[in-house]
Amino acid sequence: MSEAPSTSDEETVVWRNARLATVAEGAGGLGVVEAGAIVVKGERIAYVGTDANLPPALTRGAAEIDLEGRWITPAPVDCHTHLVYGGDRALEFEMRLAGASYEEIARAGGGIISSVKATNELSEDELVRQALPRLDALLAEGVCTVEIKSGYGLNIDAELKMLRAARKLARLRPVRIRTTYLAAHATPEAYCGDNAGYIADVVVPGLEAAARQGLVDAVDGFCESIAFSCDEISRVFDAAERLGLPVKLHAEQLSNLGGARLAASRGALSADHLEYLDEDGARALAAAGTVAVLLPGAFYTLREKQLPPVRALRDAGAPIAIATDCNPGTSPLTSLLLAMNMSATLFGLNVDECLAGVTREAARALGLLSITGTLEVGKSADFAVWDIARPAELVYRIGFNPLHARIFRGQRLTP
Ligand code: DI6
Ligand code: FE
């Protein structure tokens, strides 16, 4: 995958007197460079290293920005969101706090079906309008790349509408958006539990339409006893394969159906949630290079007790990413900083794993590692400048945003 190349007459900017966490693979830990500098030529990174070694040929006539010792990291990537949806579920939350059960809430019109109703009722423009504040919250923390799923339409027109709304966000804000088709999220009530019928009538033809219209970058499904079985998801993955689209999967969130193994066997980009993953599953992910995406916002909101098997993932050598899972039901979270803190405090990830999890590994989970996710020459100049004394502060604080500047494709943007 490539983006427009830089041309030689483009503006050059030198960001100097900075401390860098390059997060480059093989650099060891966070790839820290003290007294560092980054040279940006047009949209791309042309140099990453020490201030002292800056090549004069690169910096002649360049604009200079003194960062006074601030830290630069790769721009965070939110690799799993359901950011586009209609309405909210605050009332349902309130009912739950008052002691209502899920059944009672569903009978009162709550649950995922209420988000489907609200999403179907809105126009594309209204969906965009409701999604913008959530996107802006992510961007305010330096995020430059966001994955957005469909999955609250559950009919072909509404799924396509969600994907168009997600793509439109990238025309309204300086951000890279990747869209994922998730019609296999729930089966609409009218199908009375006929998952196979829904997949044949809606999920597969909708995917073909989305691919024809160039609206989709990847295909996802919800593999769970309350959603779709491995066999049913396989039909969706077959269609993705025919269309040449990469796959990913919500797997092992509430039980172990072997979804992660299925995802790995299909060379999936990622398997997400994974609280109930077993050691075999962790080894399968590692062997396939499928990224394990942890979603602490859903774990927290659902007051889950089953922790994702972080040690098994580490031992197997599986790549681990972190995302918000921003959605109206189980993770109304729009902060990757908080997701990092939760991953450390709830799941036991260390600082290096947290920071790599929202940058390098999140980019890998989207198939974008050649473009973004680390500070390396040739990549898109997507980075965040922070008012911090050490990277641990990004993980340690709760509800505090130390962003100084967000740089997307070489453009400095106000937070
Ligand atoms: N995993 C979840 O927890 C949700 N979707 C998913 O794939 C729930 C979505 C919702 O309740 O709106
Ligand atoms: Fe999700």
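**View 1. The iron ion (ligand 2) is held by His80 (NE2), His82 (NE2), His250 (NE2) and Asp325 (OD), at 2.1 to 2.2 Å.** Donors here are N, O and S atoms within 2.8 Å of the metal (3.2 Å for Na, K and Ca), and water is not among the atoms, so sites may look incomplete. Along the sequence, the donor residues follow the spacing H-x1-H-x167-H-x74-D. This is a predicted model, where local features need pLDDT of at least 70, side-chain atom pairs count only at pLDDT 80 or more, and totals for chains, interfaces and linings use all residues. Residues are numbered from 1 along each chain as its sequence is written, chains are lettered from A and ligands numbered from 1 in the order written, and side-chain values use heavy atoms, leaving out hydrogens and water.

**View 2. Ligand 1 has residues around it that include Ile112, Tyr152, His185, Phe222 and His250.** "Around" means a heavy atom within 4 Å. His250 turns up again here, having already appeared as an iron donor.

**View 3. Three side chains meet oxygen atoms of ligand 1 through polar contacts (N or O pairs within 3.5 Å).** A polar side-chain atom of Arg89 sits 2.8 Å from a ligand oxygen, Thr330 does so at 2.9 Å, and Gln253 at 3.1 Å. Taken alone, ligand 1 exposes 320 Å² (Shrake-Rupley, 1.4 Å probe), and the protein buries 93% of that.

Conventions: A polar contact is a pair of N or O atoms within 3.5 Å; within protein, one must be able to donate a hydrogen and the other to accept it, and residues adjacent in sequence count only if both atoms are side-chain atoms.
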